[in-house]
Amino acid sequence: MPDLGVNYMGLKLKNPVIAGSSGLTSTVDKIRSIEQAGVAAVVLKSLFEEQINYEAGSLIRNQDYPEAEDYIKSYTKSHSVDNYITLIEETKKSVAIPVIASINCVSANDWIGFSRRIEEAGADALELNVFFLPTDKYKSATDFENIYYDLASRVTGIVKIPVAIKLGNHFTNVLEVVDRLYSYGVKGVVMFNRFYEPDIDIEKIKLTSADIFSSASDLRHVLRWTALVSDKVNLMDISASTGVHSWEAVVKQLLAGAKTVQVCSLLYKNGLGEVANLIGGVEQWMSSKRFSTVDEFRGKMSYRKIPDPSVYERSQFMKYFSSID
Ligand SMILES: Cc1cc2nc3c(=O)[nH]c(=O)nc-3n(C[C@H](O)[C@H](O)[C@H](O)COP(=O)(O)O)c2cc1C
């Protein structure tokens, strides 16, 4: 029987499949079911900085005393934070798998002290889900990237548990960003987050939401970056997220160099039974290829290990299909 165990940011996991942060990981009961389904670790639903600010803002708008503003802001925040700390504590009491807490940050300042409370509550690791939509044409990419570095260095300076950063895929130079995050003490990157996307209903001429779930073809974009980052920033652990819809996708990400994968849409669409299919499929594939551990094949298809690494660099269809009219 092959051993599917992996080491992700120092956490010893029984297999490479992690339940990604979502509504499926927002309560103790749901997390218990996910553990029973067979995942090796769970990332809790993020505590959203924007949500807290929004809730505080709507309370402030509904009252007549402007001096109450600070009180409401700090009450809303500490209330949300307290609930989250309770979720971590209760989850840790209820499951044996590692529990990774997640905060969604749009600024560095407020989350530093909170990170310590997360660690004290027993979280095994912390995932920072950072994203700013650059809507200001007078700000440079560096202005935004500096917020990531500031956050990374301050949070890793205050907690001992491993810190991962969940990245969006809109960087000009992903490799430089990941390399710098590593230098600031970040142990893992989750590539990539999937964001809410707007769409337009042309019948009603109204704004709607695009499909929130990924599809299997979304894997390819991530695969390229897993292969590149795992070689060029080889000490950074990668958790591949987006488009993992089959055991074959798990194998591909491991071959490209990921330590773990995170699944979300698949579980929403097809149920928790899919976890067993992912793990069973990887196990059978390993047996058929005579691999007894994941490390025997992990990264075998990363950027530098293949005969023609430039395949991962090609991006223009012209180069592939110059013979096709
Ligand atoms: C309904 C839903 C809720 C999500 N909530 C969060 C969240 O709170 N924090 C987070 O970092 N990612 C969140 N995500 C993103 C997922 O963790 C994951 O990165 C993304 O869906 C891509 O993975 P997938 O292709 O397996 O779905 C959410 C995704 C969905 C579909």
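Contact here means heavy atoms within 4.5 Å. By that criterion, E145, Y148, Y149 and A152 in helix α5 meet E176, V177, R180 and L181 in helix α6. Sorted by class, this contact of α5 with α6 has five nonpolar, no polar and three charged residues. The model in which these contacts are found is a predicted one.

It helps to set this pair of helices in the context of the whole chain. The protein has 325 residues, and buried residues make up 49% of them. Its secondary structure comes to 11 helices and 13 strands. Among contacts between residues at least 6 apart in sequence, 70% join residues at least 24 apart.

The geometry of the helix pairs comes next. Two packed helices are described by the angle between their axes and the distance between the axes. For α5 (residues 141-158) and α6 (residues 174-183), the angle is about 20° and the axes are 9 Å apart. Angles under 35 degrees count as roughly parallel, and α5 is therefore roughly parallel to α6. The crossing of α5 past α6 is right-handed.

Helix α6 also has a second helical partner, α7 (residues 219-232). Here the axes come within 10 Å and cross at roughly 45°, so α6 and α7 are oblique to each other. As α6 passes α7, the crossing is right-handed. On the α6 side the contact is made by V174, L175 and V178, while α7 contributes W225, L228, V229 and K232. By class, the contact of α6 with α7 has six nonpolar, no polar and one charged residues.

Which residues of α6 are buried? They are V174, L175, V177, V178 and L181. Seen down the axis of α6, these buried residues fall within an arc of 165°, so they line one face of the helix. Their packing partners are α5, α7 and two strands, β8 (163-167) and β9 (188-191). After the helix comes G185, a residue with a positive phi near 100°.

V174 gives a closer view of this face. This residue lies in α6 and has a relative accessible area of 3%; since buried means under 20%, V174 counts as buried. Leaving aside neighbours within four places in sequence, V174 is in contact with M191, F192, W225 and V229. V174 and L228 are 54 residues apart in sequence, yet their C-alpha atoms are 9.5 Å apart in space.

A residue of α7, V222, offers a companion view. V222 is buried as well, with a relative accessible area of 2%. Beyond the neighbours within four places in sequence, its contacts are M191, F192, A240, S241, T242 and Q253. M191 and F192 are thus contacts of V222, and they are also contacts of V174. In sequence V222 and N169 are 53 residues apart, whereas the C-alpha to C-alpha distance between them is 8.7 Å.

The pair M191 and F192 deserves a further look for its backbone. Most residues other than glycine have a negative phi, and most peptide bonds are trans. The bond joining M191 and F192, however, is a cis peptide bond, with omega about -5°. F192 itself is placed in the loop between β9 and β10 (198-201).

Two further residues stand out by their phi values. M9, in the loop between β1 (6-8) and β2 (11-13), has a positive phi near 55° although it is not a glycine. R290, also not a glycine, has a positive phi of about 60° and is found in the loop between α10 (274-288) and α11 (317-320). Are these two residues buried or exposed? M9 is buried, with a relative accessible area of 8%, whereas R290 counts as exposed at 75% relative accessibility.

Helix α4 (residues 111-120) completes the picture, with W111, I112, F114, S115 and I118 as its buried residues. Because they cover an arc of only 160° around the axis, they sit on the same side of α4. This helix is followed by G122, whose phi is positive, near 110°.

How values were computed: Residues are numbered from 1 along each chain as its sequence is written. This is a predicted model: local features need pLDDT of at least 70, side-chain atom pairs count only at pLDDT 80 or more; totals for chains, interfaces and linings use all residues. Side-chain values use heavy atoms; hydrogens and water are left out. Axes are lines fitted to C-alpha atoms, for helices over the stretch in contact, and angles run from 0 to 180 degrees between N-to-C directions. Helices (H or I, at least four residues) and strands (E, at least two) are DSSP runs, numbered from the N terminus. Angles under 35 degrees count as roughly parallel, over 145 as roughly antiparallel, 65 to 115 as roughly perpendicular and the rest as oblique. A crossing is left-handed if the near helix is turned anticlockwise from the far one by less than a right angle, and right-handed if clockwise. Ala, Val, Leu, Ile, Met, Phe, Trp, Tyr, Cys and Pro count as nonpolar, Asp, Glu, Lys and Arg as charged, and the others, Gly among them, as polar. Buried means under 20% relative accessible area, exposed over 50%, partly exposed in between (1.4 Å probe, protein chains only). The arc is that of the directions from the helix axis to the C-beta atoms.
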